[in-house]
Amino acid sequence: MSSWQAIAKSKQESLRAAIPSEWIIPPHLLPPDHQTDVTSFPRQSGWFTNRELEILSTAAPRILAHLETGSWTSEEVTKVFCKAAAAAHQLTNCLSEILFDEAIARAKELDQHLQKTGKPKGPFHGLPISLKDNFNIIGKDSTVGFTSLVNDPATYNSTLTDLLLQGGAVLYVKTNVPTAMMIAETVNNVFGRTVNPLNRKLTSGGSSGGESALIAFGASRIGVGTDIGGSLRIPAACTGIFTLRPSFGRFPNLQTRSGLAGQEAVNSVNGPMATTLEEITFYSKTVIDQEPWINDPKCLPIPWRPAEPKHRLRLAVMWNDGIVTPTPPVARALKETVERLRKAGHEVIDWVPTGHQEARELLHRKFVADGGKSVRGLLAPTGEPFREEMRDYEKATELGVHEMWQIHLERNTLQKDYLHRWNASGIDGILCPTTPYSSVEHGKFAYVGYTGVFNVLDYSAVSFPCGVTASKALDASYHGHKALSDVDARIQHDYNASAVDGMPVSLQLVARRLEEEKALMMTGVVLQAVSTGWKSKL
């Protein structure tokens, strides 16, 4: 066994050993390998008590209300989420670090604080919150999928880690990511592949795919991921949960680990993931209310600005981006959503994807501008090979400074032209696919253009489940499809209606830069229209 393989095996074993024996699923209760949907396990296995199920199914603001009054203790709530996270990992391989002992000890301290003072420690008092692997926690690894970073514990916290702890949160797990966080599926040589709890034959997306799997399973109410090309929105869409991709500067991103450290041509951002829009909004407001710009020099001093719901939105719909056609379930979901919006009195116009091809190419050139040196430098110490998904980094040629500056100029022009076109149209937002897929079989996620363009533009975007599910009866493969590109031809060829049958379909709602509050408000308005449309159809 080579060095990197031995390191990976040891790390996986230590992670498994961190699960207490009482939270190892009894063999007779383990779902069989052929059972694809394991989200029913907590409710149907009998392994969780009714009390535990009540806690797991309670939205974060109401958990906090129980904790503040003392009707629930943080110790009890934390133990329930630790147990659920242990189950989720055994069934989906979603964790990278386990902090159960530290979390329970902290929960006890918070309970004591409340008893002594009669006041919660902060706005997140006693609430378990899960974090993506790249958020540093002192004494814990942030491997970002590299064996060379195993047993290299952080000596400082990420700024967001400190903010959450100061706010009273309980950090109990970190979640798996792909190598360098630069693959749209969560797979690496350290921990292996994270699977989708809704269908274990399908991907949970990436790079925040460990987080999306944990939340979709029901083992976290609020988790935090990151996004540089779709890494929040893609996994949220693959698992049917909500997320917000904020513009750079709204949430603190300082002192997080990166697979492409120092790459700032397109900025990584972080944001919340949850099963409800309410929890996304709650988290976002709570973090911003803590004034993160005090400790992160790149955070913008913009307080939370509530957006009043608009009774009549003017939205642009982008049916495709000119490069890849959405697969049949996503195309149908978009069409039905637009129909319901119009029926509810909203105005919807067509949006031409001008500039999207250029933005996609810009994004790729930025990511490999160092000739793959960053990734190669992290693989080399243990002799770890490039994964097949990272071949573009292995083959890349380093750009010079002047060439990189020209890319920045292209980006700036694209941003200017897109904003002018947006303003001239008078739209509130753009409705479009999050990805071409509802989800897809492992190894087949081939396109991030629908998300990546808005990273180049740095626009605020919400990915949300729109209420439509894929159906093998309704969503057969296209007949006589004229492919928009080679990658479109490949995606449509690979599409398997039976494989994704029953999967939730998500869409993306985009606002301009730094319009997080408006993006969340518009998502709520759209969901109201969709819900009304469903009711009138029944």
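Helices and strands are named here as DSSP runs, a helix having at least four residues and a strand at least two, and both are numbered from the N terminus. With that in hand, the tour can start from the whole chain of this predicted model and then go from residue to residue.

**The whole chain**

Show the protein chain as a cartoon to begin with, and its 18 helices and 15 strands will come into view. The C-alpha trace spans about 60 × 55 × 50 Å along its principal axes, and the radius of gyration is 22 Å, which agrees with the value near 24 Å that a compact globule of 538 residues would have. If you colour the chain by burial, 60% of the 538 residues count as buried. Of the contacts between residues at least 6 apart in sequence, 80% join residues at least 24 apart. Switching to a surface view shows an accessible surface of about 20600 Å², of which 53% belongs to carbon and sulfur atoms. If you then pick out the charged side chains, you will have 55 positive and 56 negative ones, with the centres of the two sets lying 3 Å apart.

**Helix 5 and glutamine 90**

Select residues 74-92 next, which form helix 5, and find glutamine 90 within this helix. Is glutamine 90 buried or exposed? Its relative accessible area is 17%, and because buried means under 20%, glutamine 90 counts as buried. Show the residues in contact with glutamine 90, leaving aside neighbours within four places in sequence, and you will have Arg16, Ile19, Trp23, Ile24 and Ile25. With isoleucine 25 there is a further detail to display, since the side chain of glutamine 90 reaches the backbone nitrogen of that residue at 2.9 Å. Isoleucine 24 is 66 residues from glutamine 90 in sequence, yet the C-alpha atoms of the two are 8.0 Å apart in space.

**Helix 6 and isoleucine 104**

Move along the chain to residues 100-117, which make up helix 6, and select isoleucine 104 there. Isoleucine 104 is buried, with a relative accessible area of 14%. Beyond its neighbours within four places in sequence, isoleucine 104 is in contact with Trp23, Glu75, Thr78 and Lys79; Trp23 was also listed among the contacts of glutamine 90. For a view across the chain, draw a line from isoleucine 104 to leucine 341, which is 237 residues away in sequence and 46 Å away from C-alpha to C-alpha.

**Strand 4 and valine 187**

Select residues 187-188 now, which form strand 4 and include valine 187. The relative accessibility of valine 187 is 4%, so this residue counts as buried. Around valine 187, not counting residues up to four places away in sequence, you can display Val177, Pro178, Thr179, Gly192, Arg193, Arg387 and Glu389 as the residues that it touches. Asparagine 176 makes a useful distance to draw from here, as it is 11 residues from valine 187 in sequence and 8.2 Å from C-alpha to C-alpha.

**Serine 207 and serine 231**

Go next to the loop between strand 7 (199-203) and helix 8 (209-217), where serine 207 has its place. Show the backbone at this point, and look at the cis peptide bond that joins glycine 206 and serine 207, with omega about 10 degrees. Which side chain makes a polar contact with that of serine 207? The partner is serine 231, at 2.8 Å, and serine 231 is found in another loop, the one between strand 8 (222-227) and helix 9 (233-239). Serine 231 counts as buried, at 7% relative accessibility. Apart from residues up to four places away in sequence, serine 231 touches Lys132, Met181, Gly206, Ser207, Ser208 and Thr226, so that both residues of the cis peptide bond belong to its surroundings.

**Two loop residues with positive phi**

Finish with the backbone of two loop residues. Asparagine 151 lies in the loop between strand 2 (128-132) and helix 7 (159-166), and its phi is positive, about 60 degrees, although asparagine 151 is not a glycine. At 66% relative accessibility, asparagine 151 counts as exposed. Glutamine 255, in the loop between strand 9 (242-245) and strand 10 (269-274), likewise has a positive phi, near 65 degrees, in a residue other than glycine. Glutamine 255 counts as partly exposed, at 38% relative accessibility.

Conventions
Residues numbered from 1 in each chain as written. Predicted model: local features only at pLDDT ≥ 70, side-chain atom pairs only at ≥ 80, totals over all residues. Heavy atoms only, no water. Rg over C-alpha atoms; globule rule 2.2 N^0.38 Å. Buried < 20%, exposed > 50% of the residue type's maximum accessible area, 1.4 Å probe, protein only. Contact = heavy atoms within 4.5 Å. Areas by Shrake-Rupley, 256 points an atom, 1.4 Å probe, with all protein chains shown as cover. Lys, Arg positive; Asp, Glu negative; His and termini not counted. Charge placed at Lys NZ, Arg CZ, Asp CG, Glu CD. Polar contact = N/O pair within 3.5 Å; in protein donor to acceptor, adjacent residues only side chain to side chain.
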